[in-house]
Amino acid sequence: MGHVGLAIRGSSAIAVVLISIMVAIFKGPPNRLSMEILDVLDQLLDRQQDSLNYNLERNEILRGIFAPVAEELPDGPGLEVEVVEGTLPRKLDGMFLRIGPNPWGQPTKRHHVFDGDGMIHTLRIKDGRAVYHNAWLQTPRLNLERERGGAYFNRIGELNGPVGLIKAIFIMGAKQKHAGLGKYTSGVPNTAVVALPNGTLWALNEASAPFEFKLTAEGGVSSIGFASNISRQIHAPVSAHPKVDKRSGEVFFHSYTLDGGEDGATFLKYSRLNRNGKLEKTISLEAAGPSFNHDAVLTENYMVIMDPSVRFTPEKIVNGGSVFTFNENHSTRVGVVPRNAAGEEDVRWFDLPRAAAWVHPLHGWEEEANQTLKLWAPLGFKSDKLGGVLEGCCDKFYMSEIRLDLRQTGNLAEITTLDPEGAYNGEFSRLRDDLVGTGPVTFGYTAATRFNSSVDFDFDGYIKWDMKHGKVAADLRVSDGWVVGEPVFVPKPSPSGDPSDDGFIANFLYGHGKNTTDFALWDARSFSRNPVVRLRVP
């Protein structure tokens, strides 16, 4: 009995130690021991997901146009870029910025297209020459992983199968806590860049606070840090695409959460900043749960926010499905929020006649004494699409006009599909930035998906839309084997004619099989497929 008693006491002691460790990990304050224990457990789960082999052998998100850039050039004079076609306009003077997810080091954790540390690329154009810089944004997350020499924090790509669900419930939040990072300062700002009227530069991703950075006159990049005061004030992250009214200097944005925020029930918010970047108002919006709510529309007097039919579906993770799935039984709504809204009672919600989703709407304006809103957006509908970013949705995006009549007693919106066959399937809508929120505009632009392609982000040109006459104005396709980015509008130095096409469409393009990246400017007015200039980027 003595040996049995000792064994029981020994087992009890071990159990007490294990329970103490678990309490310290999940209930205790941040500490290094818990951090390391969690990492060991997480690495064991990584092996169950075969993460490294998956990334090396099967993950297309780490190849081709998505292949990581391994080096950075954050400061100094930069690299002068070679002109390989055409001529840089001598009077063009400015800086082109691009941001994207770019994983630092070998991705040893299962990787998703939304993962990857934010990297800024700049082209400083002046006096007929261009200079290139690039740099990772020095977030607390990246700095900690660099210090450790490898990946520590969890990725979206790990939300796959039963192991992914275990990570989501027990590992992700605990690792973040014990690393000492706050809820809105642990993200990867890798999605979009916005310049505030007060000169502040934000890098954004919709799960965290904005990340501030600055630029040198030559295009060098240096990090400042998360603007966490904004998220602390609104108790929410900031969406990837705030809207700036260049005339008033105000900034408008929405926020969405997957966990319902601090009260567990607030999934959507609207906020506005004054011209000095100070928060003037934030209000909670009615939403039926978590969704993929990436972008919004600004008109002269309203911001329009969608509550789409693409929903957050953690239950799908167990079966290896996407984090976001289209639910045709969920009614799609759009909320019309007055710019100066004081509360939810000022918001008017409209139902779309069929389940839909937008990712990047194009433009919106008001008619009939500001009582009717017209919105242009590529809409996605139910499809048999499996996997990808949005499962069950959006095998094509159909440019559509949504009409909202504020005078009607009902709440049903009208939709006119301007491209019913999806012949001009495309996404990543862009407008000249200083025309956002100013009223009717003639031309807008989308990136055009390659014909018969089912691959996400496979854009081989641009579509020019005539919103005044409700039609396609022009279709520009680049050479075979090249993939383009979104159609960023660059105004011409000397204004002439309609401002909505008085400029250039600009972005980087990648050559499949060539391992080559170029930068090009196309004339937005003529929309010739022959670029004004093409530069070979190192």
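What is the volume of the largest cavity? In this predicted model, the largest cavity has a volume of about 110 Å³. The overall form of the chain is described before the cavities are taken up in detail.

The protein chain contains 7 helices and 32 strands. Measured against the rule for a compact globule, a chain of 538 residues would have a radius of gyration near 24 Å, and the protein chain has 24 Å, so the two agree. The C-alpha trace spans about 95 × 60 × 45 Å along its principal axes. Of the 538 residues, 54% count as buried, where buried means under 20% relative accessible area. Among contacts in the protein chain with a separation of 6 or more, 59% are between residues 24 or more positions apart.

A search of the whole structure for cavities of 30 Å³ or more finds 2. The largest cavity, at about 110 Å³, is lined by 16 residues. Of these lining residues, P103, W104, P107, H111 and R155 lie nearest the centre of the cavity. By residue class, the lining of the largest cavity comprises 6 charged, 5 polar and 5 nonpolar residues.

The second largest cavity holds about 30 Å³ of space. Its lining is made up of Y256, F267, L268, A287, G289, P290, S291, N293 and D307. In this second lining, 5 residues are nonpolar, 3 are polar and 1 is charged. The charged residue is D307, because Asp belongs to the charged class and the lining has 1 charged member. G289 is placed with the polar residues because Gly is counted in that class.

The search for disulfides, again over the whole structure, finds 1. This disulfide is formed by C393 and C394, with their sulfur atoms 2.0 Å apart. The pair qualifies as a disulfide because the cut-off requires sulfur atoms within 2.5 Å. The link of C393 and C394 is right-handed, with 45° about the S-S bond. Both cysteines, C393 and C394, are buried, which means that each has under 20% relative accessible area.

Key:
Residues numbered from 1 in each chain as written. Predicted model: local features only at pLDDT ≥ 70, side-chain atom pairs only at ≥ 80, totals over all residues. Heavy atoms only, no water. 1 Å grid on protein atoms, 1.4 Å probe; cavity = no way out; pocket = protein on both sides within 12 Å on 5 of 7 lines; lining within 4 Å. Points joined across faces, edges and corners; volume = space filled by probe spheres on them. Buried < 20%, exposed > 50% of the residue type's maximum accessible area, 1.4 Å probe, protein only. Helix = DSSP H or I, 4+ residues; strand = E, 2+ residues; numbered from the N terminus. Rg over C-alpha atoms; globule rule 2.2 N^0.38 Å. Contact = heavy atoms within 4.5 Å.
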